[in-house]
Amino acid sequence: MKTHFCIPVSQRRPDALGGRYVLYSVYLDGLLFCRVRYSQLHRWNEQLQRVFGSSLPPFPPKYYLAMTTSMADERRAQLEQYLQNVTADPNVLRSDVFIEFLKLAQLVLSCTQKICTEWLPTASTELEMETSNTFNITAEKAFLDIFLPNGRSVNIEILTSDSAERVLEVVSHKLRLSRELVGYFGLFLIRFYKEGSLSVVKKLADFELPYVSLRSSEVQNCKVGLRKWYLDPAFDSVLMGCRSAVELLYMQAVQDIEKEWIKPTQGQRQELEALQKENNQTKFLQLCQEVQHYGYMQLDPCHCDSPEPGCRAVLSVGNDEINCCITLPDNRTQDVVFQMSRVKCWQVTFLRTLLDMDGPQRTLNQNLELRFQYSEDSHWQWFIIYTKQAFLLSSCLKKMVSEKMAKLAAENTEMIEVPGKSKSKKYHIQQSKQKQYSSFLSRKSKIKRAEGDCVFGTIKEEDL
């Protein structure tokens with residue numbers, strides 16, 4: 001599954017020789033991932049070229065004269081485009097060269113921020129100088145709490161350089177989850193509020209370092225949580241033979257009912273409460289299959305442009321559909337359901353970015369939109385959602401597309417595997433049977449787009 005890399009901002013920093021260099025803030029799925037220099041990315045590209053040759057996209061050229069402001073912004077945009085293009089190749093995403101570079105880049109960010117929290121900005125600059133040519137960071141042993149849907153946490157010993165894929169394996173082993181079922185679950189950054197509510201911030205990518213992502217997150221009160229990572233409730237049947245998997249599904253279902261993310265009728269609620277008292281987890285989950293929005297991902301309240309601009313909305317995504325509960329200006333509610341089979345494409349756009357001062361660091365305050373094109377009465381229309389969870393929503397849409405394609409592949413007697421990538425298996429899908437598109441647009445692209453212009457002449461991501 002493709003990733004959403006972008007470089008929305010860059011900063012000029014003084015170097016040890018009295019000159020200046022540019023530090024690029026790389027964001028993944030809307031959150032700060034690492035900060036790197038052009039020279040580091042250039043050397044990384046050379047390493048990738050030795051492995052993948054001419055199949056890589058072109059890398060932005062060097063400038064041998066001082067850069068103007070417009071040249072610097074052009075390079076930032078070119079590097080952003082390069083990251084988006086190079087990560088479109090799943091072979092690159094799985095390569096050791098790709099993963100090791102991003103691991104080290106994240107570790108450098110972690111070390112830099114650790115120094116900055118001690119109010120030593122000069123030391124922070126020195127660290128960046130030391131890592132200008134090579135990354136020289138040593139991983140350390142650490143303990144990480146992985147929170148389960150029932151509020152319990154599992155404390156595991158890891159290395160700070162352990163990827164989300166590795167951490168998931170460790171916690172799954174500790175929970176005695178069958179190895180073949182690990183791919184049905186994922187690690188998420190989850191924000192917890194004082195009043196007891198929670199918000200899923202993002203799904204951690206396989207190559208991300210959970211320990212670092214948690215500590216570098218600009219979102220307050222975040223924890224790393226374990227949740228199932230599939231949006232087709234029918235996949236529950238695959239997990240019912242594993243007691244640990246059933247228990248995890250049961251925990252999440254109970255939590256989703258408590259948070260009112262799924263909507264049982266009064267009769268269903270009474271039956272579920274009776275089964276819960278009996279601790280009959282299997283029958284509880286079987287009944288949940290009949291409950292509205294079971295297995296869906298619910299987003300925080302947001303706004304949309306239909307039927308009128310500025311309408312409040314609550315989105316639930318799953319089971320091959322986008323369910324949107326819209327509050328109209330007169331406070332009446334309207335439920336609108338978009339079937340994924342009628343969605344042609346979608347795109348995430350930065351509407352505005354603001355840099356906030358936070359001690360010696362500057363953080364990104366961003367406003368995002370996700371718009372998707374769908375068919376209604378034989379006409380293509382746009383539906384726009386304004387939400388800070390736009391990247392999470394995009395990930396959910398991609399997941400539903402991949403699950404749908406896997407089903408189509410299974411119907412054609414092709415091999416199907418556990419959702420999620422695995423080193424030992426490959427995902428065999430006939431992409432030509434169903435093609436969906438997603439893209440990421442920078443702020444400049446958004447501003448320049450004419451009203452009647454079709455943005456999909458320059459699609460950046462395709463063939464999910």
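This passage describes a three-stranded sheet, the helices that pack on it, and the setting of one glutamine in a predicted model.

In the predicted model, three strands form an open sheet in the order β1-β2-β3, and their pairing is antiparallel. Strands β1 (5-14) and β3 (31-37) occupy the edges of this sheet; each has a single partner strand, so one side of each lacks a neighbour in the sheet. On average, neighbouring strands are turned by 25° against each other, with direction ignored. The antiparallel pairing of β1 with strand β2 (residues 20-28) extends over eight bridges. Within the sheet, Val9 is positioned opposite Ser25 of β2.

Two helices pack on this sheet. Helix α1 (residues 38-52) touches β2 and β3, and the direction of α1 makes about 90° with that of β3. Helix α2 (residues 69-86) is in contact with β1 and β2; the direction of α2 makes about 140° with that of β1. Strand β2 is thus touched by α1 and also by α2.

Elsewhere in the sequence, helix α11 spans residues 281-288 and includes Gln281. The relative accessible area of Gln281 is 17%, and because buried residues are those under 20%, Gln281 is classed as buried. When residues up to four places away in sequence are not counted, Gln281 touches Val246, Glu247 and Tyr250.

Methods. Residues are numbered from 1 along each chain as its sequence is written. This is a predicted model: local features need pLDDT of at least 70, side-chain atom pairs count only at pLDDT 80 or more; totals for chains, interfaces and linings use all residues. Side-chain values use heavy atoms; hydrogens and water are left out. Helices (H or I, at least four residues) and strands (E, at least two) are DSSP runs, numbered from the N terminus. Buried means under 20% relative accessible area, exposed over 50%, partly exposed in between (1.4 Å probe, protein chains only). Contact means heavy atoms within 4.5 Å. Two strands pair if DSSP finds at least two bridges between them. Axes are lines fitted to C-alpha atoms, for helices over the stretch in contact, and angles run from 0 to 180 degrees between N-to-C directions.
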